[in-house]
Amino acid sequence: MSNIHHKLFGTDGVRGVANQEPMTSETALRLGRALAFVFRNSRGRHRRILIGKDTRLSGYMIETALESGICSMGVDVWLVGPLPTPGIAFLTRSMRADAGVVISASHNPFQDNGIKFFSREGFKLDDETECRIEDLVFDDGELGKYRARADDIGKAARIEDALGRYLVFLKNCLPRSLTFEGLKIAIDCANGAAYRVGPEALEELGADVLPMAVDPDGKNINLDCGAVHLDAIRKKVIADGANVGIALDGDGDRVMLIDERGGVFDGDDIMALLARSMAAEGRLAGNTVVATVMSNFGLELALREAGLKLVRTEVGDPAVAREMRQNSYNLGGEQSGHVILMDHSTTGDGLISAMLVLAQMAESGKPLSELRAMHRVPQVLENVPVKDRVPLAEMPKVQRLIEDAEHRLAGNGRLLVRYSGTEMLARVMVEGEDAAQIKTIAHEIGDAIKHHAGAR
């Protein structure tokens, strides 16, 4: 593995360009072996690991390599085929598998792919377990000693009723008496993992469904469609007089909604709406919502106005889920539409999020535009190219400007200064009601960072 010079796991599994390291058959096979080794034991029964994927062309190649690696360690494989990431998390739990694997690069184009793992409880693996797997991938001498004997090699079987199991689970998230009859719903499945289950779930609940991007060919996943390309579904909602539009991403774990007027409901809007309804029914744990540092300040204001609290984490849904589990919160997520409803699922589920909002529409009789529960605060983002990631504490002028800005924004705005984890950039994000003020603040801090650490 000397041709891989970097850490395998990022904030959400392993990801890269298909057929280039680390997304090659060779590395996938080693990951499969390492995962099987970490989860196997000697209690007399074969361990079982479940594998699902989205619709990318490279999914076949990676699935086969993972399957081979897992079986070589004496662990059985259950193959699910294309199903949303939260569906794999659900099946891992409900079928008592020892781990789950999802082959997907979420909202990325088809050329990319990724591998992420779930524990038997349906949660993404902790850092310690990921590090253990990674160590074994880079130095698999230990694995060689535990290769299965010829009579103990694992078997692979395909789970034929996976979609049906997940459909029943989705419908059980709603009261049995609730239907979506009378609602015309456009759904954009991004030519991805939810291309079958998304429309079927809504149809079984009585909706008049207008499906879009449900013809995957291996290369059109997320191509001008889905949660990151909303133009097509916005036009569909307006042209066909739909009550609402649902736009999922490639692996179905996040969602954007379009109201009947073409307005966008992102993750912040969904959390604001669901938080208020859950709190009114006494179901919002700790009267608290968990979101990342990137969520709009308007969410914080809306929750504060309703007597609720917002707890912020670093970027990434694993950080949100970790905070929720540690403090038994049941609602959290990201502005990007990845909403975690812990009463129903262990990870973000775009269909569940959408269905719970649709339930609000059905029960209230109100259009989605009238259910908006937050006012978005203006935001300015400055990206400053840097030569070095000089610690902010070592730049006195930057520190002074940050402290002054925080004082000026206190209670009415928000400031976030951080380095990008993937690019040589410093990001200065400022939110507040006064558009001119936040633009000035962002520019002043950006200039100061450029003076100290900017790329020449």
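In this predicted model, strand 8, helix 7 (residues 197–204) and strand 9 come together as a right-handed β-α-β unit. The two strands of the unit, strand 8 (residues 184–188) and strand 9 (residues 208–212), run parallel and are held in register by 5 bridges. One residue pair to look for here is Ile185, which sits opposite Val209 of strand 9.

Earlier in the chain there is an open sheet of 7 strands. Its strand order reads 1-2-6-5-3-4-7, and the pairing is mixed. Strand 1 (9–10) and strand 7 (156–158) are the edge strands, each pairing on one side only. Helix 1 (residues 25–39) packs on this sheet and touches strand 1, strand 2 (13–17), strand 3, strand 5 and strand 6 (112–119). The direction of helix 1 makes about 5° with that of strand 6. Helix 2 (residues 59–72), for its part, lies across strand 3, strand 4 (76–82), strand 5, strand 6 and strand 7. Against strand 3, helix 2 runs at about 175°.

Walking through the pairings of this sheet from strand 1, strand 1 and strand 2 are antiparallel and share 2 bridges. The link between them is a hairpin of 2 residues, and Gly10 stands opposite Gly13 in strand 2. Strand 2 then runs antiparallel to strand 6, with 4 bridges between them; in that pairing, Arg15 has Gly114 of strand 6 as its bridge partner. A parallel case is found between strand 3 (residues 48–53) and strand 5 (residues 99–103), which are joined by 5 bridges. Lys53 faces Ile103 of strand 5 across that pairing. As background, strands of a sheet pair through backbone hydrogen bonds, and they can do so in either the parallel or the antiparallel sense.

Two loops in this part of the chain have backbone geometry worth a look. Most residues other than glycine have a negative phi, and most peptide bonds are trans. The peptide bond from Glu21 to Pro22, however, is cis, with omega near 5°. Pro22 belongs to the loop between strand 2 and helix 1. Ser106 is the other case: it has a positive phi of about 55° although it is not a glycine. Ser106 sits in the loop that runs between strand 5 and strand 6.

Some elements of the 7-stranded sheet also turn up in a pocket. The second largest pocket has a volume of about 680 Å³. Its lining counts 35 residues, and the closest to the pocket centre are Leu125, Asp126, Asp127, Pro318 and Arg322. Strand 1, strand 6, helix 4 (127–138) and helix 11 (317–327) are the elements that each give two or more residues to this lining. Helix 11 has the largest share, at 7 residues. By class, the lining splits into 12 nonpolar, 10 polar and 13 charged residues.

Further along the chain, another open sheet is built from 3 strands in the order 17-19-18, with antiparallel pairing. Strand 17 (379–385) and strand 18 are at the edges with a single partner strand each, so one side of each has no neighbour in the sheet. On average, neighbouring strands of this sheet are turned by 10° against each other, direction ignored. Strand 18 and strand 19 are antiparallel partners over 7 bridges. Within that pairing, Leu415 has Val430 of strand 19 as its bridge partner. In general, side chains of a regular strand alternate between the two faces of the sheet.

How many cavities of 30 Å³ or more does a search of the whole structure find? The search comes back with 1. The space inside the largest cavity is about 30 Å³. Its lining is made up of Met294, Leu381, Leu416, Arg418, Arg427 and Met429. Strand 18 (413–419) and strand 19 (425–432) each put at least two residues into that lining. The class count for the cavity lining is 4 nonpolar, no polar and 2 charged residues.

Terms used. Residues numbered from 1 in each chain as written. Predicted model: local features only at pLDDT ≥ 70, side-chain atom pairs only at ≥ 80, totals over all residues. Heavy atoms only, no water. Pairing = 2+ DSSP bridges. Contact = heavy atoms within 4.5 Å. Axes fitted to C-alpha atoms, helices over the stretch in contact; angles between N-to-C directions. 1 Å grid on protein atoms, 1.4 Å probe; cavity = no way out; pocket = protein on both sides within 12 Å on 5 of 7 lines; lining within 4 Å. Points joined across faces, edges and corners; volume = space filled by probe spheres on them. Nonpolar A, V, L, I, M, F, W, Y, C, P; charged D, E, K, R; others polar. Right-handed = clockwise from strand over helix to strand, strands pointing away.
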